[in-house]
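Welcome! Please take a look at the structure below, and then let us walk through it together.

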Amino acid sequence: MESEVDRYVGPPTTRYAYAKEFWVKCPKCSKAARVIRKELVATGDDKLVCHHCNYSEMADERLRYTATINRACGSCGEPIQVSIPNNKEKVAELKYSCPHCHVPEIYKPGNTPYRLRYSMERLADPVFGLPLWFQENVKGETLWAGNKEHLLEIRNYVTSRLRERQTMRITTMVEKLPQFIKAAKNRETVLKAIERMLNR
Ligand SMILES: [Zn+2]
Ligand SMILES: [Zn+2]
């Protein structure tokens with residue numbers, strides 16, 4: 001008989017259950033900060049908070065617009081394509097001289113909103129693009145977690161020797177874990193990596 005201690009009895013939660021808070025590397029002090037989200041989709045109310053250096057930032061503070069003109073010149077009819085990123089506000093009017101006939105004209109550009117990301121790292125939070133705090137190399141693969149609760153649940157799963165499907169209704173977070181985390185032969189290495197992350 002398997003002992004109850006070894007049986008995985010974690011919650012039947014999907015990955016989205018862990019997507020409301022991300023632990024990230026603070027852009028100011030490089031210690032652990034948190035990205036806190038109200039909804040599962042990124043919104044302007046999402047915020048970055050660091051309890052080490054007290055830095056905080058709202059997602060909307062990183063809102064920018066790309067102003068674009070894409071039309072034919074009113075004077076010579078040649079195509080005009082302009083794209084100016086990084087405007088803090090919508091650009092209502094843009095004076096631009098045609099590169100073909102050099103006649104200046106005032107245009108009403110289109111404005112496409114986007115948010116500046118701190119990095120283009122793959123393992124980053126979806127709002128600010130800050131590198132995830134919990135990342136560790138395990139035999140050439142990266143073990144990561146979005147937040148502490150997520151990491152502890154992974155540890156809970158890896159520790160257990162008996163893993164049954166918790167529900168047939170959904171594919172849970174732990175079932176979607178990559179094979180190198182689930183593999184019995186990696187158990188000790190994975191658990192050590194998790195401990196390093198928790199002690200950092
Ligand atoms: Zn900080
Ligand atoms: Zn022109």
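## A hairpin, a sheet and a core

E21 stands opposite I36 in strand β2. Strands here are DSSP runs of E with at least two residues, helices are runs of H or I with at least four, and both are numbered from the N terminus. This is a predicted model, in which local features need pLDDT of at least 70 and side-chain atom pairs count only at pLDDT 80 or more, while totals for chains, interfaces and linings use all residues. Residues are numbered from 1 along each chain as its sequence is written, and chains are lettered from A and ligands numbered from 1 in the order in which they are written.

Strand β1 covers residues 21-25, and four of its five residues are buried. A residue is buried if 20 or more other C-beta atoms, placed from the backbone, lie within 10 Å of its own, exposed if 12 or fewer, and partly exposed in between. β1 runs antiparallel to β2 (residues 32-36), with five bridges joining them; two strands pair if DSSP finds at least two bridges between them. On its other side, β2 pairs with β3 (residues 47-49) over three bridges, again antiparallel, and R34 stands opposite V49 in β3.

Together these strands belong to an open sheet of four, in the order β1-β2-β3-β4. β1 and β4 (56-58) are at the edges with a single partner strand each, so one side of each has no neighbour in the sheet.

Two residues other than glycine have a positive phi, and here they are together:

| Residue | Phi | Location |
|---|---|---|
| S30 | near 65 degrees | loop between β1 and β2 |
| N86 | near 70 degrees | strand β6 (residues 79-87) |

Why does S30 count as exposed? Because S30 has 12 C-beta neighbours inside 10 Å. N86 counts as exposed because its C-beta neighbours inside 10 Å number 10.

Now for the interior. The largest nonpolar core has 21 residues, and W23, V24, V35, L132 and F134 have the most contacts inside it. Such a core is a set of buried Ala, Val, Leu, Ile, Met, Phe, Trp, Tyr and Cys residues joined through C-beta atoms within 7 Å. Elements giving two or more residues to this core include β1, β2 and α1 (148-159). Beyond its neighbours within four places in sequence, L132 is in contact (C-beta atoms, placed from the backbone, within 7 Å) with residues including F22, W23, V24 and W144.

Conventions: Two residues are in contact if their C-beta atoms, placed from the backbone, lie within 7 Å.
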